[in-house]
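The following report describes a single protein chain, from its overall form to a few selected residues. Please consult the sequence and the structure alongside the text.

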Amino acid sequence: MQLLQTKDIKEQLKLTDDQSQQLASLADKYQQEIKQEVGSVDLSTLSNDERTKKEAELRQTLTNLMESERQEVEKILNTDQLDAFKRIMLKVNGAEA
């Protein structure tokens, strides 16, 4: 999501001002949700088993948030922009994308 906020990527994808605003709002929304989910967690007070369980829960929560965010991004970008963004993501992240 942060990548979509960069000037270079915005230009490459030819984002409209409206799309840029929508993506910025979306980024803020999810940043707040992540802070809410992760910000108050203190793993240091947990036993190893509890810590492992909590870390797994947090990973799943973040995965779910990222999937929701991806779905919303797909609603904002048009087909050509989405294809171009996926190509950019492959270059940036390699096979992990």
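In which helix does Gln81 lie? Gln81 belongs to helix α4. The model discussed here is predicted, and the report turns first to the surroundings of this residue.

## Gln81 and its contacts

Gln81 has a relative accessible area of 5%. The cut-off for a buried residue is under 20%, so Gln81 is classed as buried. When neighbours within four places in sequence are set aside, the contacts of Gln81 are Leu13, Lys14, Leu15 and Gln19.

One of these partners, Gln19, is located in helix α2. Gln19 also counts as buried, because its relative accessibility is 9%. Beyond its neighbours within four places in sequence, Gln19 touches Lys14, Ile76, Leu77, Asn78 and Gln81. Lys14 therefore appears in the contact list of Gln81 as well as in that of Gln19, although Lys14 itself is exposed, with a relative accessible area of 67%.

Lys14 is placed in the loop between α1 and α2, the latter helix covering 17-38. The phi angle of Lys14 is near 55°, which is a positive value in a residue other than glycine.

## Ala84 and Gln5

Helix α4 also contains Ala84. Is Ala84 buried or exposed? Ala84 is buried, since its relative accessible area is 16% and the limit for that class is under 20%. Between the C-alpha atoms of Ala84 and Lys7 the separation is 15 Å, with the two positions 77 residues apart along the chain.

Gln5 is situated in the segment before α1. With a relative accessible area of 24%, Gln5 is partly exposed. Its contacts, leaving aside neighbours within four places in sequence, are Lys10, Leu23, Ala24 and Ala27. Gln5 and Leu82 are 77 residues apart along the chain, and their C-alpha atoms are separated by 15 Å.

## Secondary structure and overall form

The protein contains four helices and zero strands. In sequence order the elements give the pattern α-α-α-α.

The radius of gyration of the protein is 16 Å, whereas a compact globule of 97 residues would have a value near 13 Å. The C-alpha trace spans about 50 × 30 × 20 Å along its principal axes. Of the contacts between residues at least 6 apart in sequence, 64% join residues at least 24 apart.

## Burial, surface and charge

Of the 97 residues in the protein, 22% count as buried. The exposed area of the protein is about 7100 Å², and carbon and sulfur atoms supply 48% of that area.

The charged side chains comprise 14 positive and 19 negative ones. The centres of these two sets lie 3 Å apart.

## Confidence of the prediction

The average pLDDT of the protein is 90, and 97% of the residues score at least 70. Where pLDDT is low, predicted coordinates should not be read in detail.

Which helix has the lowest confidence? Helix α4 (residues 79-93) has the lowest confidence, at a mean of 91, while helix α1 (residues 7-13) has the highest, at 94. Helix α4 is also the element in which Gln81 lies and in which Ala84 is found.

How values were computed: Residues are numbered from 1 along each chain as its sequence is written. This is a predicted model: local features need pLDDT of at least 70, side-chain atom pairs count only at pLDDT 80 or more; totals for chains, interfaces and linings use all residues. Side-chain values use heavy atoms; hydrogens and water are left out. pLDDT is the predictor's confidence in each residue, from 0 to 100. Helices (H or I, at least four residues) and strands (E, at least two) are DSSP runs, numbered from the N terminus. Buried means under 20% relative accessible area, exposed over 50%, partly exposed in between (1.4 Å probe, protein chains only). Contact means heavy atoms within 4.5 Å. The radius of gyration is taken over C-alpha atoms; the globule rule is 2.2 Å times the number of residues to the power 0.38. Accessible areas come from the Shrake-Rupley method with a 1.4 Å probe; for residues, only the protein chains shown count as cover. Lys and Arg count as positive and Asp and Glu as negative; His and the chain ends are not counted. The place of a charge is taken as NZ of Lys, CZ of Arg, CG of Asp or CD of Glu.
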